[in-house]
Amino acid sequence: MRPYLKEMAEPRSSEPVVLLNEVFPGDTNALDTLFGGRLMSIMDTAAGMAASQFAHNEFVTVSVDALKFKRPAYQGDVIRTIARVVWTSRRTVGVLVRSCRMTRSNWDPEEICSGFFFMVAIDESMNPIKIPQFKPKTVEEKELWNQAQSARDAMKSVSYTHLTLPTKA
């Protein structure tokens with residue numbers, strides 16, 4: 001086992017992870033707005049970093065709560081993404097991720113998207129492993145824990161077995 005992949009009793013850090021990304025022409029569609037998939041990739045990266053920082057393990061994304069795209073970001077904007085662990089189970093972390101757009105002229109953050117990313121800790125054989133537990137202390141942390149738990153419960157209760165793809169266009 002790699003030395004940094006070991007079970008721990010306590011989290012290493014529950015500090016938020018902050019990423020800054022500039023929106024370049026290759027990140028935009030015909031309207032010069034940021035592709036939603038590109039933003040999801042940025043958010044997923046931030047969630048993975050927050051999870052790894054929290055438990056000093058490798059993580060994979062297992063599910064994403066319904067992301068709420070509130071407004072577009074444009075070519076040239078700076079995207080600030082903040083991710084922090086707000087929920088845990090034995091092997092899974094729930095990471096709240098919020099992205100804001102900022103212009104270089106004023107740097108005032110304007111939230112564009114938010115959601116919960118759920119990530120599972122894995123060993124070198126891709127098997128789930130135990131992680132340290134997050135213990136909410138403040139009122140805000142307890143509220144975020146409950147929101148993440150509700151999002152997780154809702155996702156686990158949805159069954160997609162009844163969906164079928166149309167056979168004709």
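Nine salt bridges are counted in the chain, which is described here from a predicted model. One of them joins R104 to E22, with the closest N and O atoms 2.9 Å apart. This pair links distant parts of the chain, since R104 lies in the loop between β5 and β6 and E22 in strand β1, the two residues being 82 residues apart. The acidic partner, E22, counts as partly exposed, with a relative accessibility of 27%.

A second salt bridge is formed between the side chains of D65 and K68, at 3.5 Å from N to O. The two partners fall into separate classes of accessibility: D65 has a relative accessible area of 13%, below the 20% under which a residue is called buried, and is therefore buried, whereas K68, at 41%, is partly exposed. The side chains of E111 and K70 likewise meet in a salt bridge, with an N to O distance of 2.3 Å. Here again distant parts of the chain are linked, with E111 in strand β6 and K70 in the loop between β3 (68-69) and β4, 41 residues apart. Both partners are partly exposed, E111 with a relative accessible area of 22% and K70 with a relative accessibility of 42%. In addition, R71, D77, R101 and E110 are joined into one network by salt bridges that share partners.

The chain contains two helices and six strands, which follow one another along the sequence in the pattern β-α-β-β-β-β-β-α. Of its 169 residues, 39% count as buried. Among the contacts in the chain with a separation of 6 or more, 74% are accounted for by residues 24 or more positions apart. The area exposed by the chain is about 9,800 Å², of which carbon and sulfur atoms supply 55%.

Helix α1 comprises 20 residues (residues 36-55), and the distance from its first C-alpha to its last is 29 Å, close to the 28 Å expected at 1.5 Å a residue. Its buried residues are L39, I42, M43, A46, A47, G48, A50, A51, F54 and A55. The cover over these buried residues includes β1, β2, β3, β4, β5 and β6. The helix is followed by H56, for which phi is positive, near 55°.

Helix α2 (residues 139-157) has 19 residues, for which a rise of 1.5 Å a residue predicts a span of 27 Å; the C-alpha atoms at its ends are 27 Å apart, in agreement with that expectation. The buried residues of this helix are L144, W145, A148, A151 and R152. When α2 is viewed down its axis, these residues fall within an arc of 130°, and they therefore line one face of the helix. The face turned away from the buried side of α2 carries the exposed residues V139 and S157. On the buried side, the packing partners of the buried residues are the strands β2 (58-64), β4 (78-88), β5 (92-102) and β6 (110-122).

At the surface, V18, L20 and W107 form a nonpolar patch whose accessible area amounts to about 310 Å² together. Within this patch, L20 belongs to strand β1 (residues 17-22), and its relative accessibility of 53% is over the 50% limit, so that L20 counts as exposed. W107, by contrast, is found in the loop between β5 and β6 and is partly exposed, with a relative accessible area of 41%. The backbone of W107 also has a phi near 55°, a positive value in a residue other than glycine.

A positive phi is likewise found at M126, a residue other than glycine, where the value is near 70°. M126 lies in the loop between β6 and α2 and, with a relative accessible area of 55%, is exposed.

Conventions:
Residues are numbered from 1 along each chain as its sequence is written. This is a predicted model: local features need pLDDT of at least 70, side-chain atom pairs count only at pLDDT 80 or more; totals for chains, interfaces and linings use all residues. Side-chain values use heavy atoms; hydrogens and water are left out. Helices (H or I, at least four residues) and strands (E, at least two) are DSSP runs, numbered from the N terminus. The expected span of a helix is 1.5 Å times one less than its number of residues. Buried means under 20% relative accessible area, exposed over 50%, partly exposed in between (1.4 Å probe, protein chains only). The arc is that of the directions from the helix axis to the C-beta atoms. Contact means heavy atoms within 4.5 Å. Patches are made of residues with over 30% relative accessible area and no salt bridge: like charges are joined within 9 Å, nonpolar side chains (Val, Leu, Ile, Met, Phe, Trp, Tyr) within 5 Å. Accessible areas come from the Shrake-Rupley method with a 1.4 Å probe; for residues, only the protein chains shown count as cover. A salt bridge is a side-chain nitrogen of Lys or Arg within 4 Å of a carboxyl oxygen of Asp or Glu.
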